Structures are given as C-alpha cells and as structure tokens.
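Trainee: I should like to examine one part of this model closely. Would you please take me through a single sheet and its hairpin?

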Amino acid sequence: YLVELLRGRPEFTIWIYDQLISRDVTELGNASASSKIRTYVYPLTMTVKDEAGRPLINMFVKVVDASTIGQLVNAVNKTGADGGAQVVDLRISKYPSGVLSQVPGTSYYYYVYDESGALVATGKFELTRGASVPATGWNVLATVRYVTEIPVKNSATRGFILVRGVEFLDGTRKDVRIPFTVSGGVMMLGGRVPVSVEYPVEIYVTHVTLGGQEVPVKGGQYRVFSGKTTDLLSGLDFAELGLTGLVTIQAVDATGTPRSDWTVQVLYGDITAAQGQGQLQAVLPRTDVLGDAYKIKVITNAVTPDGKALVKEQVLTLNQKALALQIPVSTVKVTLQAVDGFGAVRNDWPVVIENVATGMGQITTELVEGQRYVARVTGLGFTNTTTFTARSPQMVIRVKIPTAKIVAQVVDGFGKVRGDWSVQIVGVSSGQGTVGPVEVL
C-alpha cells in the first residue's frame, strides 16, 4: 500500500478487506466493532498431473501474482504423492504452529518445474474476490505434457535434440541435449521433451543407416530441423527436412527395354545401400549430408571379349527430395550359326564364341556393343574362324563350312552301273556299284 501511495502504482495493493464496502462488513465482520475480522484470502492447492491424469511427484510449483510478478505473492512448493502442492508464501504465511495457505483474490501465473528444476509447464488462473470457497479450498490443475517418442518417416539412425534456453527454478537458462535413436518409424528419445512450454528446438542427426550399417554424417552432425517443441507432436518427415531423398533407378538395354534380369546396385564406398532386379526404389541419405557421392552399378548378362560380365558404373549425386534415373546399357543379342555349303544350319557341328559361349549348331548370347569377338565353327574335321564386331540391336553371324555332296558310280562300257563291281571315294567311303551321296569339303 505504501508503494501505491508513494509511487502511484495500484498493482502493489490487493485489498482483502475494505470497511467501506458493505459486503465486506456483512460477510467478514465490522472492524470498528470487533477485535477480529475475516479477510478474502483462500486456501489454494496446485495439483500437477500428466496427460493421462496420473499425479506427478516431486515437481516444483511456483505461483506468483500477475500484477507484480511475485513481489506481492510468491510461493514455491513441491508436489507430494497425489501430485498436489500447497500454495504458501513463506514471507507472510509462516506461523509458529506451521504454515497456512492464504492467497488473496487476484490473477496468478503458475510455473511447474521437473525434478531437475527445468520449467515444463506454465499457466494463468484467477481467484475472484468474494467468491464462494469449495469445502476443500481452491484446487488448480496443471497438466504437464511430454514427448518421449516421435513418429518419423524416411528416417535417420541416431542423433540428438537440442532444446534451447530451458528455464530453471534458480533463474538460469541453458540448452538441454537429449539423444535419440530411430527404429521402425519411431524416434525414441533418451529423455523427455516438454511440450507444455514452447521452447525453441533443433534436431541434429549424427548417423544414418546404409545397408544395415551405421554411417556417420559429414562433420559429425547435421541439423535437419529448427522450430518449437510443440511442432514435434505432428511427427517428422526427414525427406521433407532435407535429410533423405527417394531414388528410383531403372536399367534398360539399347532398345529401351527394361531389363529385369540385370542387377542394379547403389553403393556407398564398400556398402551396398540398395539393390534390385532391373530397377530399384529406395530412400537414401542425401550426398550433401554424407559428404561423398554414391556409385550405381548395373550388372548385366552381356559378356565381354575376355569372358567377364559387363558392369556399367555411374556416379550418383543425390541433393533433392526425389530423383529418377534410367541407365541405358548398350548390348547386342548375337546368334552364331554353323552352316554347310548349302546354307543349312548344322546342329551336329560345335560352335564357339571364344571366352563367351559354346554349343551345337547355333548359340544365342548377349555381347557388348562395339567390342570385337572371335567365333569358331568345326565341321568335317575343318574349323572356320571369323572375327566380328558386335553391333546393336541384334545380329546373326553365319559361319560357313564349305561342303559339297558327291556320288561315285562304276559303269561298264555300255554305261550300265555295275552293282557287282567295287567303287571307292578314297578316305571317305566305299561300296558296290554306287557310293554316296556323301558330304565332303
């Protein structure tokens, strides 16, 4: 009241009895006629519970008047087993017999601090002067909301949440670091993040998973989120936050046909980050997060002249939310045929493409466009060799063994074939009267 008188600041006075107000005299007593009067002060309890309605024990509750922020009323107490804390300002409510909760009617702020002294909930309430008091006194409920799990998509592996400027009961502020791990689309926090108070928050990723292995990010940590603690309630999509990207890769041949019989791989160093047959779709950490680019491998069925499978490699840089690639590989389907002097395919003759394939009569295989190969065909003890260059999209190589068919007959002076006379094609065949037709070079 002196402050009000001296400085003209009425907020420093809370009238708990005024003899000039007839209601006060009627309800509280006449100070002029009695040595004792009552005043408009109320017993007050703050009860702290979680979202599920369970009492929170050993929480610190601070209550201050709104007009002077604690210069008139300033109470701090700890919650008990039922989550309740009696609001007592020890400056004015401590007596030889104990303490007494007696809070005047005005507007108040409350602050709830956890066991470590960190501010986890705030609110405001009002006690109306002259209001009817419940039999148990006034009880104000404060609900503390925490986050211990956050749903995530396109996720990382490990990291930490940094809650900025957390206020403590002793008046200090500091940043609080809470580690997390991600599994099965859920970010599991190594502590509790209060969301009843809107603190600034940042999320840093330290590791990502590639091919079942943890890989550290570039620089040891990568900030993916900056916002408020209340933003965490709706979950996180790391692709939207710039940590990961969706990659779609399809392998096609020279004709543009997708090849499901080829293997597509994405490698990060020695780690196979993703693999598929003909195509793949995978969520991968971005290369600006990892620091190095990926390598794409397309392992084909085409064979090189030295007998190895053709593997096409390409660098993959992923710096966006989604990337689709088509990887063409120039291969040639080649059919090698063994043909005789009459152009017929001879399935009884062996055919060979050196270091690539062997067969009888003809073989079909896939080769590398532009490469030179050696083909061999053997028939009637004779081998014909040719060299060819594979040209797309397909080609037929016909290797000819120059054959002919011969018939030998023995005739007498009258031109009659003599079946009783012997005839022989030297080194080939013999018989009586007629030999052949037989195949010869």
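Mentor: Let us begin with the hairpin of β9 and β10, which has five residues between the strands; there Gly-117 takes a positive phi near 95°. The model is a predicted one, in which local features need pLDDT of at least 70, side-chain atom pairs count only at pLDDT 80 or more, and totals for chains, interfaces and linings use all residues. Residues are numbered from 1 along each chain as its sequence is written, and side-chain values use heavy atoms, with hydrogens and water left out.

Strands here are DSSP runs of E with at least two residues, numbered from the N terminus, and two of them pair if DSSP finds at least two bridges between them. Strand β9 (residues 107-113) and strand β10 (residues 119-126) run antiparallel and are joined by seven bridges. Within this pairing, Tyr-110 has Gly-123 of β10 as its bridge partner.

The hairpin strands belong to an open sheet of four strands, in the order β4-β3-β9-β10, with antiparallel pairing. Because β4 (74-78) and β10 stand at the edges, each with a single partner strand, one side of each is left without a neighbour in the sheet. Neighbouring strands of this sheet are turned by 15° against each other on average, direction ignored; the axes behind this angle are lines fitted to C-alpha atoms, and angles run from 0 to 180 degrees between N-to-C directions.

At the β4 edge, strand β3 (residues 60-65) pairs with β4 in the antiparallel sense over five bridges. Phe-60 stands opposite Lys-78 in β4. In a regular strand, side chains alternate between the two faces of the sheet.
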